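Colleague: I would like a close look at one part of this model, the charged contact, and then an account of what surrounds that topic. Please keep to what the coordinates give.

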Amino acid sequence: MGRRTQAQRDADTVEIAYALFVAASLAGGTLLAVASPALFFGVRSPGEGTLVRAGLIGGAVVFFTVLAAILLRHGRASRRHDEPDQPSQPGRTRPDS
């Protein structure tokens, strides 16, 4: 891989920030959805701690899954755009041409 342009570095930075924001938002939503009975409706039993722990675990799973999915998709898309339009050596063609 050759040198990357400033535009490519900026695109990577924006994509990382987007992935972190979306993953954190969805993880927080998952935590609230699972743990809301314990946090807001006053569930007072051994189930309270279980709901909060399940919300934390679910939120962590959602966070890392969404983060990986977004960044892997971006990586595949950027590699497709990095391929040269011409063969690397004159007189040779690509195998798919």
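Colleague: With which residue does Arg 4 form a salt bridge, and how far apart are the closest N and O atoms?

Modeller: The model is predicted, so every value here is computed from predicted coordinates. The partner of Arg 4 is Asp 12, and the closest N and O atoms of the pair lie 2.5 Å apart. That distance falls within the 4 Å cut-off for a side-chain nitrogen and a carboxyl oxygen, so the pair counts as a salt bridge. The structure holds 1 salt bridge. Arg 4 counts as partly exposed because its relative accessibility is 35%, a value in between the 20% and 50% limits.

Other arginines form a positive surface patch: Arg 73, Arg 76, Arg 79 and Arg 80. Of these, Arg 80 can be placed in helix 2, which spans residues 46-82. Arg 80 has a relative accessibility of 56% and therefore counts as exposed, the limit for that class being over 50%.

Next, the nonpolar side chains. The largest nonpolar core consists of 5 residues, namely Ala 19, Ala 23, Val 66, Leu 67 and Ile 70. Two elements, helix 1 (6-40) and helix 2, each give two or more residues to this core. Helix 2 provides the largest share, with 3 residues.

There is also a nonpolar patch on the surface. Leu 32, Leu 39, Phe 40 and Phe 41 make up this patch, which has an area of about 480 Å². One of its members, Leu 39, belongs to helix 1. Leu 39 counts as partly exposed because its relative accessibility is 48%. Residues enter a patch at over 30% relative accessible area, so a partly exposed residue such as Leu 39, at 48%, can be a member.

Ser 36 is likewise placed in helix 1. At 16% relative accessibility, Ser 36 counts as buried, because the limit for that class is under 20%. In sequence, Ser 36 and Val 52 are 16 residues apart, while their C-alpha atoms are 8.3 Å apart in space.

To return to the part you asked about, the salt bridge joins Arg 4 and Asp 12.

Key:
Residues numbered from 1 in each chain as written. Predicted model: local features only at pLDDT ≥ 70, side-chain atom pairs only at ≥ 80, totals over all residues. Heavy atoms only, no water. Patch = residues over 30% accessible without salt bridge, like charges linked within 9 Å, V, L, I, M, F, W, Y side chains within 5 Å. Areas by Shrake-Rupley, 256 points an atom, 1.4 Å probe, with all protein chains shown as cover. Lys, Arg positive; Asp, Glu negative; His and termini not counted. Charge placed at Lys NZ, Arg CZ, Asp CG, Glu CD. Helix = DSSP H or I, 4+ residues; strand = E, 2+ residues; numbered from the N terminus. Buried < 20%, exposed > 50% of the residue type's maximum accessible area, 1.4 Å probe, protein only. Core = buried A, V, L, I, M, F, W, Y, C linked by side-chain atoms within 4.5 Å.
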